[in-house]
Amino acid sequence: MDIPRLTVLAGPTAVGKGTVVALLRQRHPELVVSISATTRSPRPGEIDGVHYYFVSDSQFDDLISSGNMLEWATVHGRHRYGTPRPPVDEALDAGKSVLLEIDLSGARQVRQSRPDARFVFLAPPSWDCLVDRLVSRGTEDEAERSRRLETARIEMQAESEFDTTVINDDLKTTVSELARVMGLE
């Protein structure tokens with residue numbers, strides 16, 4: 001079976017996408033993980049150009065109008081996120097495997113333009129576990145947590161749209177399963 005070199009990973013907020021991707025990248029440094037652009041402010045410890053490209057609304061508009069976004073969306077009703085197209089295309093043209101860690105809306109857009117990609121849904125072991133993870137990370141106030149949980153309920157209902165589901169219960173197992181699905185192991 002030919003494994004797609006472009007993999008899209010999506011799942012609800014607080015499911016652990018960032019942690020899983022960081023561990024996968026440690027095990028497979030040859031993997032290209034796209035860096036998203038966002039209009040939100042950096043969280044403590046986030047670095048521009050490493051975690052995200054932090055851009056203004058007008059800069060984001062320019063990326064869209066120039067056709068340089070593979071996908072983009074307004075997330076949690078507030079901030080825009082998107083995947084700049086050129087770095088993804090360049091990595092794929094060079095024969096590298098590329099992983100997009102994006103939201104549901106972005107995954108749907110990528111499916112339209114890149115149906116050859118592999119679409120992986122990262123799911124929590126349970127709804128209660130997801131709520132606990134969001135609360136325990138302590139990075140959002142109560143209003144933001146409520147918005148994110150409302151979005152997460154919708155995102156959970158879209159699991160059937162994906163090619164594969166990986167349940168994020170045990171990190172080591174989750175990373176191994178994602179690497180297997182991507183053809184890295």
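These legends describe close-up views of a predicted model of one protein chain.

**Figure 1. Overview of the chain, with its seven helices and nine strands.**
The radius of gyration is 16 Å, close to the 16 Å that the globule rule gives for 185 residues, so the chain is as compact as a globular protein of that length. Along the principal axes, the C-alpha atoms occupy a box of roughly 45 × 40 × 30 Å. Buried residues make up 44% of the 185 in the chain. Among contacts with a separation of 6 or more, 68% join residues that lie 24 or more positions apart.

**Figure 2. Surface and charges of the chain, which exposes about 9,400 Å².**
Carbon and sulfur atoms supply 49% of this exposed area. The chain carries 22 positive and 29 negative charges. The mean position of the positive charges and that of the negative charges are 1 Å apart. Across the whole structure, a search finds twelve salt bridges. Several of these are taken up in the views that follow.

**Figure 3. The salt bridge between Arg-108 and Glu-161.**
The closest N and O atoms of Arg-108 and Glu-161 are 2.5 Å apart. This pair links distant parts of the chain, with the two positions 53 residues apart in sequence numbering. Arg-108 belongs to helix 4, which covers residues 104–113. Glu-161 sits in the loop between helix 6 (142–156) and strand 9 (164–167). Both partners are partly exposed: the relative accessible area is 41% for Arg-108 and 35% for Glu-161.

**Figure 4. The salt bridge between Arg-145 and Glu-142.**
The N to O distance between the side chains of Arg-145 and Glu-142 is 2.7 Å. Both residues lie in helix 6, and because they are three residues apart there, about one helical turn separates them. Arg-145 is buried, with a relative accessible area of 17%, because buried means under 20%. Glu-142 has 51% relative accessibility and counts as exposed, because exposed means over 50%.

**Figure 5. The salt bridge between Glu-177 and Arg-180 in helix 7.**
Helix 7 runs over residues 171–181 and holds both Glu-177 and Arg-180. The two are three residues apart, about one turn of the helix. Their closest N and O atoms are 2.6 Å apart. Glu-177 counts as partly exposed at 26% relative accessibility. Arg-180 is also partly exposed, with a relative accessible area of 47%.

**Figure 6. A network of salt bridges that links four residues, Arg-78, Glu-144, Arg-147 and Arg-148.**
The view takes in the side chains of Arg-78, Glu-144, Arg-147 and Arg-148, which salt bridges join into a network.

**Figure 7. Surroundings of Glu-155 in helix 6.**
Glu-155 counts as buried, at 7% relative accessibility. Which residues is Glu-155 in contact with, leaving aside its neighbours within four places in sequence? They are Gly-11, Pro-12, Thr-13, Asp-103, Leu-104 and Phe-121. Of these contacts, Gly-11 is 144 residues from Glu-155 in sequence, and the two C-alpha atoms are 6.7 Å apart in space.

**Figure 8. Ala-14, a residue with a positive phi.**
Although Ala-14 is not a glycine, its phi is positive, at about 70 degrees. The residue lies in the loop between strand 1 (6–10) and helix 1 (17–27). Ala-14 is buried, with a relative accessible area of 11%.

**Figure 9. Thr-139 and Pro-44, 95 residues apart in sequence.**
Thr-139 is found in the loop between helix 5 (127–137) and helix 6. Its relative accessible area of 45% makes Thr-139 partly exposed. How far apart in space are Thr-139 and Pro-44, C-alpha to C-alpha? The distance is 9.0 Å.

**Figure 10. Pro-87 in helix 3.**
Helix 3 spans residues 85–93 and includes Pro-87. Pro-87 counts as partly exposed, at 41% relative accessibility. Pro-87 and Ala-152 are 65 residues apart in sequence, and their C-alpha atoms are 29 Å apart in space.

Definitions and conventions
Residues numbered from 1 in each chain as written. Predicted model: local features only at pLDDT ≥ 70, side-chain atom pairs only at ≥ 80, totals over all residues. Heavy atoms only, no water. Helix = DSSP H or I, 4+ residues; strand = E, 2+ residues; numbered from the N terminus. Rg over C-alpha atoms; globule rule 2.2 N^0.38 Å. Buried < 20%, exposed > 50% of the residue type's maximum accessible area, 1.4 Å probe, protein only. Contact = heavy atoms within 4.5 Å. Areas by Shrake-Rupley, 256 points an atom, 1.4 Å probe, with all protein chains shown as cover. Lys, Arg positive; Asp, Glu negative; His and termini not counted. Charge placed at Lys NZ, Arg CZ, Asp CG, Glu CD.
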